[in-house]
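Please open the model in your viewer and keep the selection panel at hand. The stops below are meant to be taken in order.

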Amino acid sequence: MVAGPFSPFVVGEDGDEARGMRSWSSLVTGGEGVLVAGERGEWDGGGKRRGWWRRRHSYWRKGQEGRAAATGGGGGGGLWEEGRKLFSSSLLSIKAYIFPMPKSFLVGRWWILNFLEKMYVMGKSKSVLIVTGRAINEVLSFVIFSLLDVLDFILCYVYRVADFFIEAEWKPCYCSPAKEAITSSGNILVSEQGESKIVCLSSSRLQLEDISDTLFTRPSLVSEVSKSTVNELKRLKLEGTVIQSSWEKIKRSGKLRSTFTVNSTIVEMLHGRIRGQKSPIPRWSDCDCKTCTSWTSSSKETLFVLADGAKENMQEDVLFIHGFISSSAFWTETLFPNFSKSAKSKYRLFAIDLLGFGRSPKPTDSLYTLREHLEMIERSVLEPNKVKSFHIVAHSLGCILALALAVKYPGMVKSLTLLAPPYFPVPKGEQGTQYLMRKLAPRRVWPLIAFGASMAAWYEHISRTICFLICKNHRLWEFLTKLITRNRIRTYLVEGFCCHTHNAAWHTLHNILCGTAGKIDGYLDVVRNRLKCSVTIYHGRDDELIPVECSYNVKSRIPRAEVKVFEKKDHITIVVGRQEDFARELEEIWKTSSL
């Protein structure tokens with residue numbers, strides 16, 4: 001007899017008693033399943049069925065008494081009626097119990113139920129494997145990331161020593177303790193105006209709200225232990241002295257100044273700007289090849305822009321913005337060759353390398369804030385080309401810049417096409433920057449793309465080591481990719497992936513992806529209420545970095561947005577591999593938006 005949730009019909013000689021097991025009705029309704037026993041389903045002379053119903057997990061106490069009840073009158077009719085009602089709940093036997101059933105029918109029914117039983121066992125085994133896999137992932141992640149915490153702590157001092165001996169000066173990092181940057185007159189002024197904090201730098205200003213706290217606040221096992229220990233020692237040593245001296249200074253000045261805690265790395269960078277001192281270009285751990293340093297020979301600090309399409313008499317412009325650790329090649333090697341001649345005669349196409357990526361400038365003293373990225377786009381594309389109206393196509397991180405541009409130029413944007421927008425609504429009571437970092441970089445070893453994102457976001461010095469190995473030697477990786485794949489598109493994708501500096505990637509990830517977490521809701525509301533342009537969103541169903549729910553989150557904020565989800569496509573293959581179709585779809589979007 002087969003044990004399990006689905007038991008086959010048992011055929012016996014002349015309706016001999018059989019074991020009652022659970023049937024399909026057990027799973028669906030939670031009721032007691034029954035089965036029919038009996039080789040022949042014909043009716044005998046007394047009008048009673050020769051077989052009878054059995055309940056699960058038990059025999060009738062006495063088979064002969066059951067036979068008598070079912071065939072000899074008395075309680076047989078009630079027994080038959082009870083069994084009939086129970087079996088009627090079985091989805092696979094809705095009408096079978098009414099009519100005589102030949103043995104072949106019972107055998108077919110047995111095969112179906114046996115198959116369902118095996119499927120149930122497989123499903124149950126799969127659930128156990130999933131739970132076990134998640135538990136293993138949790139344990140491994142905790143162990144591995146705890147070791148990485150220690151490794152990053154050690155690398156912090158290794159790089160300090162290396163920077164000092166190679167560049168002849170200590171370089172600040174975000175492991176440094178925070179400082180209070182307070183002066184009444186001088187180079188740096190920190191003040192509070194409502195919720196915004198502004199640092200005044202000679203003729204320019206830097207808004208501290210654009211700087212994400214995830215740069216210098218990333219909770220980990222090592223950091224929490226070390227900080228608590230240091231803070232306790234400082235408290236015991238300086239508790240009374242600091243308070244007394246601070247109060248005396250306030251009394252002497254006659255006024256109370258507003259204060260704000262600024263990380264020492266930011267303070268050092270700002271001091272360098274004010275003194276007019278430029279950091280070495282490039283740093284010893286950055287690539288110094290012609291491609292990466294070509295911007296230093298130009299008198300203008302503008303982005304690298306590749307233009308294609310109409311040279312004159314163009315109708316509108318199109319701006320393409322790539323994602324994180326990518327370049328303009330993501331568009332120029334995939335979409336640009338596939339646009340029709342008609343489209344290239346109407347539209348002027350601009351693909352840019354964002355600040356710090358590809359062939360664009362990579363200043364070592366930049367904080368790569370949202371303001372800096374937008375200003376460079378304006379200075380490099382919108383102003384010199386006298387752009388009056390334009391469409392935007394953006395991927396991943398570029399979607400944040402696209403929304404910010406749309407909000408800044410609401411009357412100029414004709415359409416928004418967003419690919420895998422990283423929009424995670426922040427729950428009430430959560431700190432947006434920290435919440436978004438945990439969503440994008442969950443400190444898990446699986447899937448691998450989450451592991452890579454966690455390494456890049458949580459560890460300043462480990463990610464610098466990775467950049468040193470990959471980006472400084474990008475020409476080698478490009479050569480190997482070209483040699484192995486013989487694929488032009490993949491070679492250019494690797495070039496875009498490798499051509500950046502650690503300073504650019506680190507600050508852009510935190511200040512753009514994490515730092516704008518509290519602003520995206522406002523951007524989307526402006527697009528919904530003030531912009532009339534079309535909004536189209538593309539997402540791959542298999543995207544493990546930014547889940548497809550992010551696109552539906554955008555639609556919940558902008559109801560008119562159209563979401564298109566593609567099966568078996570991920571974060572990259574949403575474009576690469578379907579570039580011809582995507583080019584046609586974009587042309588249709590632009591054509592419709594221009595009517």
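Helices here are DSSP runs of H or I with at least four residues, strands are runs of E with at least two, and both are numbered from the N terminus. On that basis the protein chain, which is a predicted model, contains 20 helices and 14 strands. Colour the chain by burial before going further: of its 595 residues, 46% are buried. Among the contacts in the chain with a separation of 6 or more, 74% are between residues 24 or more positions apart.

**The sheet**

Select the seven strands that form an open sheet, and follow them in the order β8-β10-β9-β11-β12-β13-β14, where the pairing is mixed. At the edges you will find β8 (305-309) and β14 (562-566), each of which pairs on one side only. From one strand to the next, the twist averages 15°.

Now restrict the view to β8 and β10 (residues 347-352), which run antiparallel and are joined by five bridges. Within this pair, alanine 307 stands opposite phenylalanine 350 of β10, while glycine 309 has arginine 348 of β10 as its bridge partner. Add β9 to the selection: β9 and β10 pair in the parallel sense, over six bridges, and here aspartate 317 stands opposite arginine 348 in β10.

How many of the six residues of β10 are buried? Six of the six are, so β10 is largely enclosed by the rest of the structure. Show its side chains to see that both faces are covered, with Tyr347, Leu349 and Ala351 buried on one side and Arg348, Phe350 and Ile352 buried on the other.

**Aspartate 353**

Move next to the loop between β10 and α10 (370-382), where aspartate 353 lies. Aspartate 353 counts as buried because its relative accessibility is 2%, and the cut-off for that class is under 20%. Measuring in the viewer from its C-alpha atom to that of leucine 306, which is 47 residues away along the chain, should give a separation of 8.6 Å. Beyond its neighbours within four places in sequence, aspartate 353 is in contact with Leu303, Phe304, His322, Ser327, Ser328, Gly358, Arg359 and Ser360.

**Helix α11 and the nonpolar cores**

Select helix α11 (residues 398-408), which lies across β9 (316-321), β11 (390-395) and β12 (413-419), and which runs at about 160° to β12. With the helix still highlighted, display the largest nonpolar core, a set of 72 residues in which Leu319, Ile321, Ile392, Leu405 and Leu416 have the most contacts. The element that gives the most to this core is α11, with nine residues. A second, separate core has 22 residues, including Phe320, Trp331, Leu335 and Ala351.

Centre on leucine 319 to look at the larger core from one of its members. Apart from neighbours within four places in sequence, leucine 319 is in contact with Phe350, Ile352, Ile377, Val381, Phe390, His391, Ile392, Val393 and Leu405.

**Helix packing**

Keep α11 selected and add α18 (residues 520-529): the two axes come within 9 Å and cross at roughly 50°, which makes α11 oblique to α18. The crossing in which α11 passes α18 is left-handed. To view the contact itself, show Ile400, Leu403, Ala404, Ala406 and Val407 of α11 together with Ile520, Tyr523, Leu524, Val526 and Val527 of α18.

Replace α18 with α10, whose axis comes within 11 Å of that of α11 and crosses it at roughly 70°; the two helices are therefore roughly perpendicular to each other. In this case α10 passes α11 in a right-handed crossing. From α10, Leu370, His373, Leu374, Ile377, Glu378 and Leu382 meet Leu401, Ala404, Leu405 and Lys408 of α11.

For the last stop, select α12 (residues 432-440) and α17 (residues 502-514), which pack at an angle of about 115° with their axes 9 Å apart. That angle makes α12 roughly perpendicular to α17, and α12 passes α17 in a right-handed crossing. The residues that meet there are Thr433, Leu436, Met437 and Leu440 in α12 and His510, Leu513 and Cys514 in α17.

How values were computed
Residues numbered from 1 in each chain as written. Predicted model: local features only at pLDDT ≥ 70, side-chain atom pairs only at ≥ 80, totals over all residues. Heavy atoms only, no water. Pairing = 2+ DSSP bridges. Axes fitted to C-alpha atoms, helices over the stretch in contact; angles between N-to-C directions. Contact = heavy atoms within 4.5 Å. Core = buried A, V, L, I, M, F, W, Y, C linked by side-chain atoms within 4.5 Å. Buried < 20%, exposed > 50% of the residue type's maximum accessible area, 1.4 Å probe, protein only. Parallel < 35°, antiparallel > 145°, perpendicular 65-115°, else oblique. Left-handed = near helix turned anticlockwise from the far one by under 90°.
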